[in-house]
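Trainee: Please take one loop of this model and examine it closely, then follow the chain outward from there. I should like the backbone, the neighbouring helices and any comparable places elsewhere to be treated in one connected account.

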Amino acid sequence: MSEPLVQVRDLTVHFPVGGRRDHRVVRAVDGVSFTVARGETLGLVGESGCGKSTTGLALLRLVEPTSGQVHFDGTDVRALRRRELRAWRRRAAMIFQDPYASLDPRSTVGDAVGEALDIHGLHQGRVARRARIGDLLERVGLHPDVAERFPHEFSGGQRQRVGVARALACEPDFIVADEPIAALDVSIQAQVMNLLAELQADLGLTFLFIAHDLAAVQHVSDRIAVMYLGRIVELADRDRLYRDPQHPYTRALLSAIPVPDPTRERARERILLSGDVPSPTDVPSGCRFRTRCPVVVEACGRLDPALQERGDGHEAACLRYGEVGTEVARSSHVDAS
Amino acid sequence: MVDATPVLEVRDLDVRFGTKRGLAHVVRGVDYDLHAGETLAIVGESGSGKSVSTLALTKLIPIPPGRVNGTARLQGTDLIACSETELLRFRGRHIGFVFQDPMTSLNPVHPIGRQLTEGMRHHLGIDESEARERAVDLLDQVGIPSPASRLDDYPHQFSGGMRQRVVIAIGLSCDPEVLVADEATTALDVTTQAQIVELIAELQERRGMAVIWITHDLGVVAGIADRVLVMYGGQVVESAPADELFAHPRHPYTVGLMRSLPVLGARRDVELAAIPGLPPAPTDLPPGCAFHPRCTYRLDPRCEREPPPLLEVAPGHYVRSFYEVPADEARAASAAARIEVAPPDRRDDPEVGP
């Protein structure tokens, strides 16, 4: 297998909480490692505040990582200087959640898409620029004539198409899509997901798809990483993660997602987690899921489990990895009901 | 079996707003009955009229520019005909509300105890100390730990899930016959959503109250609803018992909605069948069937000209369409048919006996 396009090792992003005397930090991302192969979609799921968006931003250095390594196609991204970084950003683009907030209301859709072309000097003259913008808009299913219009004239789904066209402007290899469908209506979400899948097939794009909706993530991803409180707790192939989840948090998350089928919904046993996610300024000792874990043991308070792999590409960060899928999980169902 | 007399009987509910862009016809003739202990889910996308149709019951919309017509009988009284003062006796007392965002439905400058007792003192005529006692009991029922010590805390001192529990406690405080949960779990994370859904179901069972659950999430609906209304363009386009609706949806819009949903555990090679186009603006509704510009069937010449009537096509199953999606096609769209592997918590594992 060829080298992965993106390699992330031990990435951390810590934000200071407040005053100069206050040494507390928000450990938004706290030691995250993964790779993304060329042409692959890696899904990153987790609940609000788990650090999934910050991970995506830190990869592109839209926030500066505190420590760790990010390698992109052999380039050490963290070592890039200002101008090098700008040149590199041609290859890695971002799609944001809120198409209302991410487009400037005073600039036309054509200029929003064209800005990236201008910055990177990717066109020769106005005619070529306009033609290229038209192509990009057409690529995402909009009429080239809409380039003259302003964002408020578009629906949420159309604006997100503009966001996608803008991301494609520099012909990137890699796109970080941060909750690209969360703000859209159900019938429109599918339009955008299909568009991304089509672009990936045609252009060979590599995606990091960040979302809280595991069903959507599973639909678009090859592999899925589950985050909890700044860490990846499980990473596996999309089907394996669903069929054989190993981390108790993944199991709880899967069991909480409602499926539009009354028969299944009635039959299923939910693993209800007690309490709330701890604050990222005050992360529990040992395993950070232990305060809510239905299968916690004494050792969990002392040992901080790292992601381990069992030779099948399925990684989980749990002291009880291997046990959890079987009898331990059963007992957790009994406890929870 | 449910009680024969409905708690709430809504007929021909119609809501319009005068706007700068002309008349917005937001709700166009909605009918339903709600029985004690029953859960009615109203499903639809933004602008479908699902929220307004419920807010309008107790005129929780600005009037003017809004105008409400029709009838909504709650225990024999027509709420639509009530004056503002008369409605004060109903809001919170007989119909409780839980809204989407607990951050905006709670007042940030008052402790939650005060917000909890306000309704009880007003409606039930009890004094402060008794109301506080009840408030503690309510917080306990909705699962807030050490409730007595939390009464004087402010909303910002609670997490999102806990705040929504407080809002539910307020909604339940006067023991209403009907609880309206308007996207009550949409702002919450899934694991918290599971807790809240479970909580409301449990409280409903204990109190025999009727619940109107407004949501865009068909997954949540499948878990809780007895009956489902699907709304589009201000109208009910399909209405059926939940099992029937999920097993055999008949309206092209309902089928389209199900097909466009990613389903956990579904086969990957199947592309999502997105519904083309956009929902209509309530100021600019298309002639004929409101869904016809986006409909992939549109097989009847009347679709573009005539508004289809809501007809009963099977016992208790109503559809507003000239065209019914055939059973085999509808079944292929269902989650049950698209899921390839058994969900992890229902795996049969013959080796490990109980």
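Mentor: Glu171(A) sits in the loop that runs from H5 to strand E7 (174–178) of chain A. The model is predicted, and the angles and distances below are computed from its coordinates. Although Glu171(A) is not a glycine, its phi is positive, at about 50°. With a relative accessible area of 57%, Glu171(A) counts as exposed.

The helix on one side of this loop leads to a helix pair. Helix H5 (residues 156–168) of chain A and helix H3 (residues 109–119) of chain A have axes that come within 7 Å and cross at roughly 25°. An angle under 35 degrees is the criterion here, so H3(A) is roughly parallel to H5(A). The two helices cross in the right-handed sense. On the H3(A) side the contact consists of Val109(A), Ala112(A) and Val113(A), and on the H5(A) side of Val162(A), Ala165(A) and Arg166(A). By class, these residues comprise 5 nonpolar, no polar and 1 charged.

Which residues of H3(A) are buried? They are Val109(A), Gly110(A), Ala112(A), Val113(A), Gly114(A), Ala116(A) and Leu117(A). A general point of helix geometry is useful when reading such a list: an α-helix has 3.6 residues a turn, so residues three or four places apart point the same way. The buried residues of H3(A) pack against two helices of chain A, namely H4 (125–139) and H5. Just beyond the end of H3(A), Gly121(A) has a positive phi of about 55°. Gly121(A) thus joins Glu171(A) in this account of positive phi values, with about 55° for the glycine and about 50° for the glutamate.

Chain B offers a further case of this backbone feature. Ser146(B), again a residue other than glycine, has a positive phi near 35°. It belongs to the loop between helix H5 (128–141) and helix H6 (160–172) of chain B. The helix before that loop, H5(B), takes part in a helix crossing of its own. The axes of helix H4 (residues 112–124) of chain B and H5(B) come within 9 Å and cross at roughly 120°. That angle makes H4(B) oblique to H5(B). The crossing of H4(B) with H5(B) is right-handed. From H4(B), the residues in contact are Ile112(B), Leu116(B), Thr117(B), Met120(B), Arg121(B) and Leu124(B); from H5(B), they are Glu128(B), Ala131(B), Arg132(B), Arg134(B), Ala135(B), Leu138(B) and Leu139(B). This contact divides into 8 nonpolar, 1 polar and 4 charged residues.

Unusual backbone geometry in chain B also takes the form of cis peptide bonds. One joins Ile63(B) and Pro64(B), with omega about -15°. Another joins Pro64(B) and Pro65(B), with omega about 10°. Pro64(B) lies in the loop between helix H1 (50–55) and strand E4 (66–74) of chain B, and Pro65(B) is likewise placed between H1 and E4 of that chain.

For contrast with the exposed Glu171(A), some buried parts of the model deserve attention. Helix H10 (residues 252–260) of chain B has 8 of its 9 residues buried, so it is largely enclosed by the rest of the structure. The buried residues of H10(B) are Pro252(B), Tyr253(B), Thr254(B), Val255(B), Gly256(B), Leu257(B), Met258(B) and Ser260(B). Ser239(B), in strand E10 (residues 235–241) of chain B, counts as buried at 6% relative accessibility. Its C-alpha atom is separated by 5.6 Å from that of Val228(B), 11 residues apart along the chain. Leaving aside neighbours within four places in sequence, Ser239(B) contacts Arg227(B), Val228(B), Leu229(B), Gly316(B), His317(B) and Tyr318(B).

Buried cysteines complete the picture. Cys300(A) is buried, with a relative accessible area of 9%, and its sulfur lies 5.8 Å from the closest cysteine sulfur, in Cys287(A), too far for a bond. Cys174(B) is also buried, at 3% relative accessible area; the closest cysteine sulfur, in Cys82(B), is 17 Å away, too far for a bond. The count of disulfides over all chains is 0.

Methods
Residues numbered from 1 in each chain as written. Chains lettered and ligands numbered in written order. Predicted model: local features only at pLDDT ≥ 70, side-chain atom pairs only at ≥ 80, totals over all residues. Heavy atoms only, no water. Axes fitted to C-alpha atoms, helices over the stretch in contact; angles between N-to-C directions. Helix = DSSP H or I, 4+ residues; strand = E, 2+ residues; numbered from the N terminus. Parallel < 35°, antiparallel > 145°, perpendicular 65-115°, else oblique. Left-handed = near helix turned anticlockwise from the far one by under 90°. Contact = heavy atoms within 4.5 Å. Nonpolar A, V, L, I, M, F, W, Y, C, P; charged D, E, K, R; others polar. Disulfide = S-S within 2.5 Å. Buried < 20%, exposed > 50% of the residue type's maximum accessible area, 1.4 Å probe, protein only.
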